[in-house]
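I opened a new notebook page for this structure. My entries follow in the order I looked things up.

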Amino acid sequence: MPYTAEISRANPSCFLFLIDQSGSMADPFGAGESSRRKADGVADAINRLLQNLVIKCAKEEGIRDYYHVGVIGYGAHVGPAFGGSLAGRELVPISEIGNMPARIEERIKKVDDGAGGLVDQPVRFPIWFDPVASGGTPMCQALGVAHHILQSWLSQHPACFPPIVINITDGEATDGDPSGPADAIRRLSSNDGEVLLFNVHLSSQRAVPIEFPDTAVGLPDQFAQLLFRMSSLLPAYMRSIAQQEGYRVSEATRGFVFNADIVAVIRFLDIGTRPSDLR
Amino acid sequence: MHVFAQPFWAPRGGNVDSEYEDAVWPESAVEGQATSFRFAVADGATEASYSGIWAKELVHYFCHDSSDAPFEGGGFRRLQERWSEKVSRRPSPWYAEEKIRLGAFAAILGLTLYEGVGQNGGNWKAVAIGDSCLVQVRGEEVLARFPLADSAAFSNRPHLLSSNPAHNSHIVAHLRTIDGTWQPGDAFYLMTDALASWFMRELEEGQTPWRILRDFDTQDEVKPFREWVESLRAQRAIRNDDVTLLRVDITYRAYTAGLQRSYPESEARLPRPGVTGRPT
């Protein structure tokens, strides 16, 4: 059965994030009703994805290398987007990512006090990426780079849980139709199943956020529809977790969100017992 | 009432012993006589940090508490505070701090045996949160399965008991209790989820899994526990997880001379198989 390989330090899996850093990302998010730019949304999404992935793999003795992670930026340039001491590296063990954020900010978080109230608690918030917006949107080229990296990973880890690629973009590729390169990525596989490609569409359109739809009908524009079609179907095990997490899913549900949070995907990953009371 | 209890455990394949996050009380084999006994197994959640410490605290607390509602009230609150103090002693990196803030989680199953009047047995009670299970066997018959009774009921997302009070607000709805009666000669098997799920599946297939469990560390043992677990993993007959079994035999009489001290003070380790017989 596919998507049942155990993710362990001896048999790690791989995460690849593709982040749109094109000039159009400087446009406002959600029809200009907020002062936030799409580039801010991308930086926020990737920082929170990495943060959640690190936390998922952290144990008392440190971070267990269940995943190797790469971040490919595409805009004026296409290539590895880590800064600082991780600069230039394609895939990095998650422990190194957790221990080497660009900086750590202090933020205030409202947390449940266990007695029905909320209290402000300072929390440390790691930052790996700052917003970038320049150049075109060479998404096809970025998908090609991802394909190359994954091919090499899969040849070295043929029995791994299939890699997951998350592409965060405003959807408007400037170097052709990304459908072909996306298909090629989804056709890559380990012994345990095909690579999963998920897309996050951050749009300037005023439209209701959409999470994990099972149809393109009702998606607000052709870019959203294209990204929906480029996205993998959620495998059965993810559908089952998504359902337990309260999402309405069907066999046609795809790993796609529109102007919404993709961090839930990290909760869909299975590295062992996860308390259902931990949200 | 005379009881012989023996724990068996193995860490998840690929992990070392120090990474084992289940817990069991008693931690080593004991034989003793008393009017009541408490036993427990717990299973710390992989995704949380310091779950092993939490699981250990829970089984120790349950077995040294006498209340009917051990997971509520001041005693339990102090246990949560103790966990928090223990794990917050040193400055931590950002991710460890976040894990401590989230808290640890564990499934727990606790069994209490009460002596009845006369020689004919007594009552038992069990409490569970999560998917660690108990099975009561009399002769060649399974009398009770608790809190889960079939292999399809196990998932990777159980409701668990947290060291963080904020996550326990709905725990009462997930707390299960059961009671029953025991007779001399009965055996109770307390198991964390991977083993319990295997046990239920074997039962569903018409097998007699208790025969394997009752023979560990006796003259009839076919394979030592850890070797047996490894072979099940190799056949993919059991999920790769920490595995814990506590076997509790209620015996007619002491069968090891000189070990009739009362439990839990008795920390006596029993001799290896071949020296210790089992009640017949």
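Contact here means heavy atoms within 4.5 Å. With that cut-off, I looked at the contacts in chain B with a separation of 6 or more: residues 24 or more positions apart account for 74% of them. I note that this is a predicted model.

**Entry 1, chain B overall.** I listed the secondary structure of chain B and got seven helices and twelve strands. Chain B has 280 residues, and 58% of them count as buried. Its exposed area is about 12,000 Å², with 48% supplied by carbon and sulfur atoms.

**Entry 2, the A-B interface.** I turned to the two chains together. On chain A, 41 residues are in contact with 32 residues of chain B. The area buried between the chains is about 3,400 Å². Carbon and sulfur atoms give 47% of that buried area. I ran the polar-contact rule across the interface and found 16 residue pairs, both residues at pLDDT 80 or more. Then I checked which elements of chain A give two or more residues to the side that touches chain B; among them are helix 1 (38-57), strand 7 (103-112), strand 8 (118-127) and helix 6 (236-244). By class, that side of chain A has 17 nonpolar, ten polar and 14 charged residues.

**Entry 3, salt bridges between the chains.** The rule finds seven across the interface of chain A and chain B. One salt bridge pairs A:Lys109 with B:Glu98, closest N and O atoms 3.7 Å apart. I also looked up B:Glu21 and A:Lys59, whose closest N and O atoms are 2.6 Å apart in a salt bridge. B:Glu21 sits in the loop between strand 1 (2-10) and strand 2 (22-25) of chain B, and A:Lys59 in strand 2 of chain A, so this pair joins two chains. Are its partners buried or exposed? B:Glu21 has a relative accessible area of 7%, so it counts as buried. A:Lys59 has 3%, so it is buried too.

**Entry 4, salt bridges within a chain.** Over all chains I count 30 salt bridges. In chain A, A:Lys38 bridges to A:Asp170, with closest N and O atoms 3.0 Å apart. The pair links distant parts of the chain, 132 residues apart: A:Lys38 is in helix 1, A:Asp170 in the loop between strand 9 (164-169) and helix 4 (179-187). Both residues are buried.

In chain B, I picked B:Lys56 and B:Glu27, which meet at 4.0 Å, N to O. B:Lys56 lies in helix 1 (residues 51-64) and B:Glu27 in the loop between strand 2 and strand 3 (30-33), 29 residues apart. B:Lys56 is partly exposed at 48% relative accessibility. B:Glu27 is partly exposed at 47%. I also noted one network of salt bridges with shared partners, joining A:Arg9, A:Glu61, A:Arg64 and B:Glu19.

**Entry 5, B:Arg226.** This residue lies in helix 7 (residues 225-234) of chain B. Its relative accessible area is 35%, so it counts as partly exposed. Beyond four places in sequence, B:Arg226 touches B:Trp9, B:Ala10, B:Pro11 and B:Asp17. Its side chain reaches the backbone oxygen of B:Trp9 at 3.2 Å. From B:Arg226 to B:Pro11 I get 9.0 Å, C-alpha to C-alpha, at 215 residues apart in sequence.

**Entry 6, B:Ser162.** I found B:Ser162 in strand 9 (residues 161-162) of chain B. It is buried, at 0% relative accessible area. A polar atom of its side chain lies 3.2 Å from the backbone oxygen of B:Ala104. Contacts of B:Ser162 beyond four places in sequence include B:Trp54, B:Phe76, B:Phe105 and B:His167.

Conventions:
Residues numbered from 1 in each chain as written. Chains lettered and ligands numbered in written order. Predicted model: local features only at pLDDT ≥ 70, side-chain atom pairs only at ≥ 80, totals over all residues. Heavy atoms only, no water. Buried area = accessible area lost by both parts, 1.4 Å probe. Salt bridge = Lys/Arg side-chain N within 4 Å of Asp/Glu carboxyl O. Polar contact = N/O pair within 3.5 Å; in protein donor to acceptor, adjacent residues only side chain to side chain. Helix = DSSP H or I, 4+ residues; strand = E, 2+ residues; numbered from the N terminus. Nonpolar A, V, L, I, M, F, W, Y, C, P; charged D, E, K, R; others polar. Buried < 20%, exposed > 50% of the residue type's maximum accessible area, 1.4 Å probe, protein only. Areas by Shrake-Rupley, 256 points an atom, 1.4 Å probe, with all protein chains shown as cover.
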